Structure formats: C-alpha cells, structure tokens
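Q: I would like to learn how to read charged pairs and residue surroundings from a set of coordinates. Could we take one example and go through it slowly?

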Amino acid sequence: MAGFQVTINGRLWVTAEAEEAEQVLYNDPIVLQIQARKGEQRVLTVGETDHGRLLAVVFTVRGGMIRVVTAHPAKEKARRIYQAQKGH
C-alpha cells in the first residue's frame, strides 16, 4: 500500500485536515473524475471521514506515494452523487 504525502496549496500538512483527507481515501470513496494535469493523472474523489464529514479529495500517485493535491468540503452536486451511489 502506498504511503501518504498531503500537500494542500503548496504546503505540506500534518494536521487534522490532512488526516481527514487520508481517511476519505481509506473509506472507499467514489471516483468522480480522472484527468491529466501537469503531466500526471489527477483523481477527484468524494467520500466520508471517520466522523462522517463528506469531503472532495483530489490526489495523484507520485514516486509510489499517494499525494493529496487538495481537499475541501464536498459541494452539493458531489454530495448528491455520493449519496445516490452509496444509498444514503
């Protein structure tokens, strides 16, 4: 399994927000979109933290590590898609 490096807006994070982004990726998120950006594949997901917070997380795999590009509260459209697919 890959390790995690959480860099949000160019800063390496070791905070609750970084832990939440990691939780989303471990908690079976839904992939909304995959696209090539800046020469790498970026994956947009939406999922829940361990405490049920719904986040959108964009990540890439770089050097064998999962690198979170950004994470934020999921917008309404992403929430609807998640809820429809997960049956909530």
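A: Let us begin with a pair of charged residues, keeping in mind that this is a predicted model: Glu40 and Arg42 are both buried. The two form a salt bridge, in which the closest N and O atoms are 3.2 Å apart.

Q: Why does Glu40 count as buried?

A: The assignment rests on relative accessible area, for which buried means under 20%. Glu40 has a relative accessibility of 14%, and therefore counts as buried.

Q: With which residue, besides Arg42, does Glu40 form a salt bridge?

A: In general, side chains of opposite charge can pair when their charged atoms come close. Here Glu40 also forms a salt bridge with Arg62, and the closest N and O atoms of that pair are 2.9 Å apart. Because Glu40 belongs to strand E4 (residues 40-48) and Arg62 to strand E5 (residues 54-62), this pair ties together parts that are 22 residues apart in sequence. Arg62 counts as partly exposed, since its relative accessibility is 42%. Through salt bridges that share partners, Glu40, Arg42 and Arg62 are joined into one network.

Q: How many salt bridges does the structure hold?

A: The structure holds four salt bridges, and one of them is formed by Asp28 with Lys86, where the closest N and O atoms are 2.8 Å apart. Asp28 lies in the loop between helix H1 (16-26) and E3, while Lys86 lies in helix H2 (residues 76-86), so the pair ties together parts that are 58 residues apart in sequence.

Q: Are the partners Asp28 and Lys86 buried or exposed?

A: Each partner should be read separately. Asp28 is exposed, because its relative accessible area is 53% and the cut-off for exposed is over 50%. Lys86, with a relative accessible area of 30%, is partly exposed.

Q: Turning from charged pairs to a residue's surroundings, where is the place of Leu32, and with which residues is Leu32 in contact, leaving aside its neighbours within four places in sequence?

A: Leu32 has its place in strand E3, which covers residues 30-37. Once the neighbours within four places in sequence are set aside, the contacts of Leu32 are with Leu44, Thr45, Val46, Ala78 and Ile81. For one of these residues, Ile81, the separation can also be stated between C-alpha atoms: those of Leu32 and Ile81 are 8.6 Å apart, although the two residues are 49 residues apart along the chain. Leu32 nevertheless counts as partly exposed, because its relative accessibility is 30%.

Terms used:
Residues numbered from 1 in each chain as written. Predicted model: local features only at pLDDT ≥ 70, side-chain atom pairs only at ≥ 80, totals over all residues. Heavy atoms only, no water. Helix = DSSP H or I, 4+ residues; strand = E, 2+ residues; numbered from the N terminus. Buried < 20%, exposed > 50% of the residue type's maximum accessible area, 1.4 Å probe, protein only. Contact = heavy atoms within 4.5 Å. Salt bridge = Lys/Arg side-chain N within 4 Å of Asp/Glu carboxyl O.
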